[in-house]
Amino acid sequence: MQISLATNGDITDLVKLLALLFTQEQEFTADTRAQTAALTHIINNPAVGHIIVARADGQAVAMVNLLYTVSTATGGKVCLLEDMIVASQFRNQAIGTQLLNYAIAHAKQAGCGRITLLTDVTNIHAQRFYKQFGFTHSAMLPMRLFLDGCAQTNAE
């Protein structure tokens, strides 16, 4: 298993991984065009973030995104961890553990002082997984406002 930053050559595999992820999340649905545009934007703009992939035989079989911003609370760079997924046939092989360890180390190296992530309230398995790495529940409640032109989700 090789773990490294994604390239434009990974986009087709990453779109498939996101389609799998979005079948497991309550709020999102797959949209190949939207996912391709977003992945291309992130990969080609490292200041926006990085996509980290695990590859088997040259194919991306797992991914996670780190998206960067600046926090006035911490006084510096922070990141949002999104879209962590391991292809079904590669689960239970510690790939997720390796991928998240790599992502945490990468965020530290990038100068991030905090990583924030969201997971479905009902996804107890994911919550347990992230807690093993030191993630804790936040008292903050996520809220969203969809602006004109932004696709709605499955959420009401």
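Q: What makes two rings an aromatic pair here?
A: Rings of Phe, Tyr and Trp (its six-membered ring) pair if their centres lie within 6.5 Å; planes under 30 degrees apart are stacked, over 60 edge-to-face, and the rest tilted. The structure holds three such pairs. Keep in mind that this is a predicted model, where local features need pLDDT of at least 70, side-chain atom pairs count only at pLDDT 80 or more, and totals for chains, interfaces and linings use all residues. Numbering starts from 1 along each chain as its sequence is written, and side-chain values use heavy atoms, without hydrogens or water.

Q: Why is the pair of Phe129 and Tyr130 called edge-to-face?
A: Their centres are 5.5 Å apart and their planes make 65 degrees. The limits are within 6.5 Å and over 60 degrees, so the label fits. Ring pairs also link Phe129, Tyr130, Phe133 and Phe135 into a cluster.

Q: What puts the buried residues of helix 4 on the same side?
A: Helix 4 (residues 124-131; helices are DSSP runs of H or I, at least four residues, and strands are runs of E, at least two, numbered from the N terminus) has Ala126, Gln127, Phe129 and Tyr130 buried, meaning under 20% relative accessible area with a 1.4 Å probe, protein chains only (exposed is over 50%, partly exposed in between). They cover an arc of only 160 degrees around the axis, so they share a side; the arc is taken from the directions from the helix axis to the C-beta atoms. On the other side, His125 and Arg128 are exposed.

Q: What makes Lys77 count as lying over the face of Tyr68?
A: Lys77 is at 4.2 Å from the ring centre. The rule asks for NZ of Lys or CZ of Arg within 6 Å of the centre and within 35 degrees of the ring normal.
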